[in-house]
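Thanks for making the time this morning. I would like to walk through one structure with you, going from helix packing to a handful of individual residues, and I will take questions at the end.

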Amino acid sequence: MKTLKSLALSGTMLLSVLLFSTHVSAQEQKTPQLTDPEIASVAVTANQIDVDYATIALKKSHNKDITNFAATMKRDHNAVIKMAVDLVTKLKVTPKTNAVTKSLLETAAKEKAILNAKNGRAFDKAYVDNEVSYHESTIKAVETILIPQSKNAELKALLEKAVPIFKTHLEHAKMIQKKFK
């Protein structure tokens with residue numbers, strides 16, 4: 001039960017962090033306002049986190065569905081990172097670390113510790129459950145916060161291009177997840 005709570009919490013943290021500023025009281029909660037350099041930082045960080053999760057899965061899992069999925073996550077999220085880096089290089093913009101980026105990294109460190117503590121089927125289930133939650137949260141955050149707040153048309157287009165990739169990942173993760181019910 002504790003594990004399920006941890007997974008649910010970690011999987012929804014991305015959306016929670018993006019939807020509510022960490023520097024306001026409960027009564028003053030609002031969507032954080034991000035600049036394009038901050039959005040670039042959030043986007044690269046979120047993709048790198050999933051690459052890191054995939055790397056753990058590739059080292060720990062012996063399940064073909066999990067390792068194939070993890071290899072896809074690593075390849076696709078690295079491709080999105082490359083597109084983002086190429087874009088910010090072209091635009092001469094430096095991604096700016098911000099409270100959202102820092103919170104994502106803190107939450108990811110906790111989730112990586114949870115994943116690294118598991119083995120076998122328990123690991124596989126924890127990994128795929130996290131992937132479902134993570135992609136659900138990421139899609140919602142990209143669609144409702146990052147895209148609407150992007151001022152640069154090319155950055156917005158990159159984020160819009162990534163959403164269908166993430167939705168495909170989500171559906172793939174859900175198919176694998178059914179095998180662990």
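Let me begin with helices H3 and H6, whose axes come within 11 Å and cross at roughly 175°. With the cut-off for roughly antiparallel set at angles over 145 degrees, H3 and H6 are therefore roughly antiparallel to each other. If we sort the residues of the contact of H3 with H6 by class, we find 15 nonpolar, 4 polar and 5 charged. I should say at this point that what you are looking at is a predicted model, and please keep that in mind for everything that follows.

Stepping back to the whole chain for a moment, the secondary structure comes to 6 helices and 0 strands, so that, as you read from the N terminus on, the order of elements is simply α-α-α-α-α-α. The chain has 181 residues, of which 48% count as buried. As for how the chain comes together, if we take the contacts between residues at least 6 apart in sequence, 80% of them join residues at least 24 apart.

Now to H6 itself, which covers residues 153-178. How does the span of H6 compare with what its 26 residues should give? At 1.5 Å a residue, the expectation is 38 Å, and the C-alpha atoms at the two ends are 38 Å apart, which agrees. At the N-terminal end, H6 is capped by Asn152, which places a side-chain oxygen 2.7 Å from the backbone nitrogen of Glu154.

Which residues of H6 are buried? The list runs through Leu155, Leu158, Leu159, Ala162, Val163, Phe166, His169, Leu170, Ala173, Ile176 and Gln177, and I would point out that His169 and Gln177 are on that list along with residues such as Leu158 and Phe166. The cover over these buried residues includes H2, H3, which is residues 64-91, and H5, which is residues 120-149. Lys161, by contrast, although it too lies in H6, counts as exposed at 51% relative accessibility, the cut-off being over 50%. Lys161 is 81 residues from Val80 in sequence, yet the two C-alpha atoms are 9.2 Å apart in space.

The second packing pair I want to show is H2, residues 36-60, with H4, residues 99-116, where the angle is about 10° and the axes are 10 Å apart. Since angles under 35 degrees count as roughly parallel, H2 and H4 are therefore roughly parallel to each other. On the H2 side the contact includes Ser41, Val42, Thr45 and Ile49, and on the H4 side it includes Val100, Leu104, Leu105 and Ala108. By class, the contact of H2 with H4 has 9 nonpolar, 4 polar and 4 charged residues.

That takes us to the loop between H3 and H4, where Thr97 is found. Thr97 counts as partly exposed, at 49% relative accessibility, and, leaving aside its neighbours within four places in sequence, Thr97 is in contact with Ser41 and Lys102. Thr97 and Thr45 are 52 residues apart along the chain, with 9.3 Å between their C-alpha atoms.

Lys92 is found in that loop between H3 and H4 as well, and here I would ask you to look at the backbone. Most residues other than glycine have a negative phi. Lys92, however, has a phi near 55°, which is a positive value in a residue other than glycine. As for its surroundings, Lys92 is exposed, with a relative accessible area of 76%.

Finally, two residues of H5. Thr138 is found in that helix and counts as buried at 8% relative accessibility. What does the side chain of Thr138 have beside one of its polar atoms? The backbone oxygen of Tyr134 lies 2.7 Å from that atom. Ile145 also has its place in H5, and Ile145 is buried, with a relative accessible area of 1%. Between Ile145 and Thr31 there are 7.8 Å in space, C-alpha to C-alpha, for a separation of 114 residues in sequence.

I will stop there, and I am happy to go back to any of these views.

Definitions and conventions: Residues numbered from 1 in each chain as written. Predicted model: local features only at pLDDT ≥ 70, side-chain atom pairs only at ≥ 80, totals over all residues. Heavy atoms only, no water. Axes fitted to C-alpha atoms, helices over the stretch in contact; angles between N-to-C directions. Helix = DSSP H or I, 4+ residues; strand = E, 2+ residues; numbered from the N terminus. Parallel < 35°, antiparallel > 145°, perpendicular 65-115°, else oblique. Contact = heavy atoms within 4.5 Å. Nonpolar A, V, L, I, M, F, W, Y, C, P; charged D, E, K, R; others polar. Expected span 1.5 Å × (residues − 1). Buried < 20%, exposed > 50% of the residue type's maximum accessible area, 1.4 Å probe, protein only. Polar contact = N/O pair within 3.5 Å; in protein donor to acceptor, adjacent residues only side chain to side chain.
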